[in-house]
Amino acid sequence: MTAQTSKVVLSLDAKEVDSLKDGVNFKKNPSDGKCYIIYKSSGGFKACKNQCKHQGGVFIKDIEDLDSRTVKCTKHNWKLNISSMKYVNPPDSFQQDELGKMSERHILFSR
């Protein structure tokens, strides 16, 4: 069995963290170009890769989502509730892998 390691995949300074709006936020790592989704709520932050588990499509803001919790895949319109990391369309399909908890400045990804 291989030991788990943590790797910083996105670093935000305090000003960038303060600028995150409640709900869904899209961020790109400037050093490698990889994209992530950060969900901000009163309970803290959640983050995941901006990549659908179904067939690897990219997520975009779901214009039908009034609560700013859901994103939609550009390939097949699958929907992911970022607050729960569960796919809601189709229901009961996948759960998105959440990146490690976000501290004040970093999102840590364990693999």
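**Exercise 1.** In what order do the 3 strands of the open sheet that includes strand 2 stand, and is their pairing parallel or antiparallel?

*Solution.* The model is a predicted one, and the strands are taken here in turn. Step one is the order: the 3 strands of this open sheet are arranged as 2-3-4, and their pairing is antiparallel. Step two is to find the edges, which are strand 2, covering residues 23-28, and strand 4, covering residues 44-49, each of them pairing on one side only. Step three is the twist, which averages 25° from one strand to the next.

**Exercise 2.** Work out how strand 3 is joined to strand 2 and to strand 4, giving a residue pair for each of the two pairings.

*Solution.* Begin with strand 2 and strand 3, the latter made of residues 35-41: the two run antiparallel and are joined by 6 bridges. Within this part of the sheet, Lys27 stands opposite Tyr36 of strand 3. Then turn to strand 4, with which strand 3 pairs in the antiparallel sense, again over 6 bridges; here Ile38 has Ala47 in strand 4 as its bridge partner. Finally, consider the connection, where strand 3 and strand 4 form a hairpin that leaves 2 residues between them.

**Exercise 3.** Describe the open sheet of 5 strands, and then look at the pairing of strand 6 with strand 7.

*Solution.* The 5 strands follow the order 5-6-7-8-9 in an open sheet with antiparallel pairing. Its edges are strand 5 (59-61) and strand 9 (91-95), each of which pairs on one side only. Neighbouring strands of this sheet are turned against each other by 40° on average, with direction ignored. Inside the sheet, strand 6 (residues 70-73) and strand 7 (residues 79-81) pair in the antiparallel sense over 3 bridges, and Thr70 is found opposite Asn81 of strand 7.

**Exercise 4.** How many disulfides does the model count, and why is Cys52 not bonded to Cys73?

*Solution.* A disulfide is a covalent bond between the sulfur atoms of two cysteines, and the cut-off needed here places those sulfur atoms within 2.5 Å. By this rule the count is 0 disulfides. For Cys52, the closest cysteine sulfur is that of Cys73, at 4.0 Å, which is too far for a bond. The last step concerns accessibility, for which the cut-off for buried is under 20% relative accessible area: Cys52 has 3% and is therefore buried, and Cys48, at 0% relative accessibility, also counts as buried.

Technical notes:
Residues are numbered from 1 along each chain as its sequence is written. This is a predicted model: local features need pLDDT of at least 70, side-chain atom pairs count only at pLDDT 80 or more; totals for chains, interfaces and linings use all residues. Side-chain values use heavy atoms; hydrogens and water are left out. Two strands pair if DSSP finds at least two bridges between them. Helices (H or I, at least four residues) and strands (E, at least two) are DSSP runs, numbered from the N terminus. Axes are lines fitted to C-alpha atoms, for helices over the stretch in contact, and angles run from 0 to 180 degrees between N-to-C directions. Buried means under 20% relative accessible area, exposed over 50%, partly exposed in between (1.4 Å probe, protein chains only).
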